[in-house]
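Here's a quick briefing to keep beside you while you look at the model. Have the sequence and the 3D view open as you go.

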Amino acid sequence: MAVLLFVGASAHLTDFLSHGLHPYDWAPNWLNLYWSTPTLFDTLAAVFLITGKRLRACRVAG
């Protein structure tokens, strides 16, 4: 699973390095942002899977 996330992140990173935060001229800003954010989040998810770390959910006292 981690390898697939790294493959996805590399595709997004390639677009980011080639075209910046707006890889598609035809797309609205929200769609360009949607396409660019997996660059960070796919990489983080893969690192967490490999290292075995989990994020703790914040609990709200109520």
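Among the elements of the protein chain, which has the lowest mean pLDDT and which the highest? Helix 1 sits at the bottom with 82, and helix 2 comes out on top with 86. This is a predicted model, where local features need pLDDT of at least 70, side-chain atom pairs count only at pLDDT 80 or more, and totals for chains, interfaces and linings use all residues. Residues are numbered from 1 along each chain as its sequence is written, and side-chain values use heavy atoms, with hydrogens and water left out.

**Confidence**
- pLDDT is the predictor's confidence in each residue, from 0 to 100.
- For the protein chain the mean pLDDT is 79, with 84% of residues at 70 or more.
- Where pLDDT is low, don't read the predicted coordinates in detail.

**Overall layout**
- The protein chain has 3 helices and 0 strands, giving the pattern α-α-α along the sequence.
- Helices (H or I, at least four residues) and strands (E, at least two) are DSSP runs, numbered from the N terminus.
- Of the 62 residues in the protein chain, 21% are buried; that means under 20% relative accessible area, while exposed is over 50% and partly exposed is in between (1.4 Å probe, protein chains only).
- Take the contacts (heavy atoms within 4.5 Å) with a separation of 6 or more: residues 24 or more positions apart account for 58% of them.
- About 5,300 Å² of the protein chain is exposed, and carbon and sulfur atoms supply 68% of that. Accessible areas come from the Shrake-Rupley method with a 1.4 Å probe; for residues, only the protein chains shown count as cover.

**N32 and its surroundings**
- N32 belongs to helix 2 (residues 29-36).
- Is N32 buried or exposed? N32 counts as buried because its relative accessible area is 1%.
- The N32 side chain reaches the backbone nitrogen of Y24 at 3.0 Å.
- Setting aside neighbours within four places in sequence, N32 is in contact with L21, H22, P23, Y24 and A27.
- One of those contacts, L21, is in the loop between helix 1 (2-19) and helix 2.

**V7 in helix 1**
- V7 lies in helix 1 and counts as partly exposed because its relative accessibility is 49%.
- V7 and T43 are 36 residues apart along the chain, yet their C-alpha atoms are separated by 9.3 Å.

Conventions. A polar contact is a pair of N or O atoms within 3.5 Å; within protein, one must be able to donate a hydrogen and the other to accept it, and residues adjacent in sequence count only if both atoms are side-chain atoms.
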